[in-house]
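Biologist: I am new to reading protein models, and I would like a close look at a single part of this one. Please start from one residue, and then show me the setting it belongs to.

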Amino acid sequence: SSHCGSSNSCSSVVSCIAEHGTEAMVGFVGLGAMGYHMASHVARLSGRRCLVWNRTTSKAEQHAREHGSVQVQDLHAMGQARVLLLCLPTSEEDREVTEAVAPHMSRGSCIVSCTSGDPNASRRLAGTLWERFGLHFVDCPVSGGPRGAEVGSLACMLGADNREAIELVEPVVRSFASKIVVCGPAGAGHAVKAVNNALNVAHLLMGAEGLLALQSMGVEPAVALQAINGSSGRSLQTEQRLPQEVLSGRFGYGFKLPLMAKDCSTAESVIRDGFPQASLIPAAVKLVQQAAAEESPEADYTEVVRLLERRAGQELRTSKEAAAKM
């Protein structure tokens, strides 16, 4: 099949369908820090045509110019998609978009939520879509940040109620993912993603607490990390986030603290339902929520460490002397 992404012949949805048929149509709603890059990989898929819609129209226009996707003006036109991907802030936006588009989609098509959503909301949505419209639903939250989205190396956690839905979306998801794990029924992917994010930020907080204590004893944070990263206490946070974002003072990973706090609240409800006696993750979640309340809405999630720095009355930054030795 021809590589549709480079074809200029189908500048509208109608001409696209005439040329490629509805089976080839993939819709993408939400061109934010992650979605913009993810949709660019979909647009390059051979034999597919990527329709894009974004609340800020200029973003969709730019995507069409840069990546050969087709911008749709009206959300209802997304009903032509066989697979529709959503990459939105919360499950509430998922529901709103789905309500607008689902009545226009053909039975057996699939809506895929790449949003870091709420597992219970996703389960309800999956049930509604199947009962009312005969549509499949797959939750497919992603991990790997904007850089992973750009290079197509995201990890995806899938939740779906049947194999057919997975088979329909897998070739599309594979365009931006290097790892796909089918976690269970609808909602399972979103539950795993929430716990993953809570662990991510808990590891960051634990690492920062340890470094603050060591710094008080005269141990340079960078030196402490050198030892920890060669030992059994290491994690992605000690190897990458702490040195690259915190010790450098950059705080620019690209994932906002309020979104991390939202994911942590989702994790807290997963923990509350599945293991009410748990105490460690809820303690970390409380810190994240407090930090999100104190920092700017634009703060990077790594700025959660500032809360601990204020408590300790000191900052974790690499000194010029230590930087020279590194």
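Modeller: Happy to! Let's begin with asparagine 200, which touches Gln237, Met260 and Tyr301, leaving aside residues up to four places away in sequence. This is a predicted model, so please read everything here as a description of that prediction.

Take one of those neighbours, glutamine 237. Along the chain, asparagine 200 and glutamine 237 are 37 residues apart, while in space their C-alpha atoms are 7.3 Å apart. If you want to find asparagine 200 in the picture, look in helix α8, which covers residues 188-216.

Is asparagine 200 buried or exposed? Its relative accessible area is 16%, and buried means under 20%, so asparagine 200 counts as buried.

Now let's step back to the whole protein. It holds 14 helices and nine strands. Its radius of gyration is 22 Å, close to the 20 Å that the globule rule gives for 326 residues, so the protein is as compact as a globular protein of that length. Along the principal axes, the C-alpha trace spans about 70 × 45 × 35 Å.

Asparagine 200 has plenty of company in being covered, as 52% of the 326 residues count as buried. Contacts that link distant stretches of chain are also a feature here: among those between residues at least 6 apart in sequence, 70% join residues at least 24 apart. As for the outside, the protein exposes about 14700 Å², and carbon and sulfur atoms supply 53% of that area. There are 30 positive and 33 negative charges, and their mean positions lie 3 Å apart.

The strands give you another view of the interior. In strand β1 (residues 25-29), five of the five residues are buried, so this strand is largely enclosed by the rest of the structure. Met25, Gly27 and Val29 point one way from β1, whereas Val26 and Phe28 point the other way, and all of them are buried. Strand β1 runs parallel to strand β2 (residues 49-53), and five bridges join the two. To see the pairing for yourself, find glycine 27 and look across to leucine 51 in β2, which stands opposite.

Strand β2 is also the place of arginine 49. Arginine 49 is buried, with a relative accessible area of 3%. Compare its position with that of tyrosine 36: the two are 13 residues apart in sequence and 15 Å apart in space, C-alpha to C-alpha.

Finally, have a look at strand β8 (residues 154-160), where six of the seven residues are buried. Strand β6 (residues 136-139) pairs with β8 in the antiparallel sense over two bridges, and valine 138 has alanine 160 of β8 as its bridge partner. Strand β7 (residues 142-143) also pairs with β8 in the antiparallel sense over two bridges; there, valine 142 is matched with cysteine 156 of β8. Strand β9 (residues 177-184) runs parallel to β8, and six bridges join them. One pair to look for is methionine 157, which stands opposite valine 181 in β9.

Methods: Residues are numbered from 1 along each chain as its sequence is written. This is a predicted model: local features need pLDDT of at least 70, side-chain atom pairs count only at pLDDT 80 or more; totals for chains, interfaces and linings use all residues. Side-chain values use heavy atoms; hydrogens and water are left out. Helices (H or I, at least four residues) and strands (E, at least two) are DSSP runs, numbered from the N terminus. The radius of gyration is taken over C-alpha atoms; the globule rule is 2.2 Å times the number of residues to the power 0.38. Buried means under 20% relative accessible area, exposed over 50%, partly exposed in between (1.4 Å probe, protein chains only). Contact means heavy atoms within 4.5 Å. Accessible areas come from the Shrake-Rupley method with a 1.4 Å probe; for residues, only the protein chains shown count as cover. Lys and Arg count as positive and Asp and Glu as negative; His and the chain ends are not counted. The place of a charge is taken as NZ of Lys, CZ of Arg, CG of Asp or CD of Glu. Two strands pair if DSSP finds at least two bridges between them.
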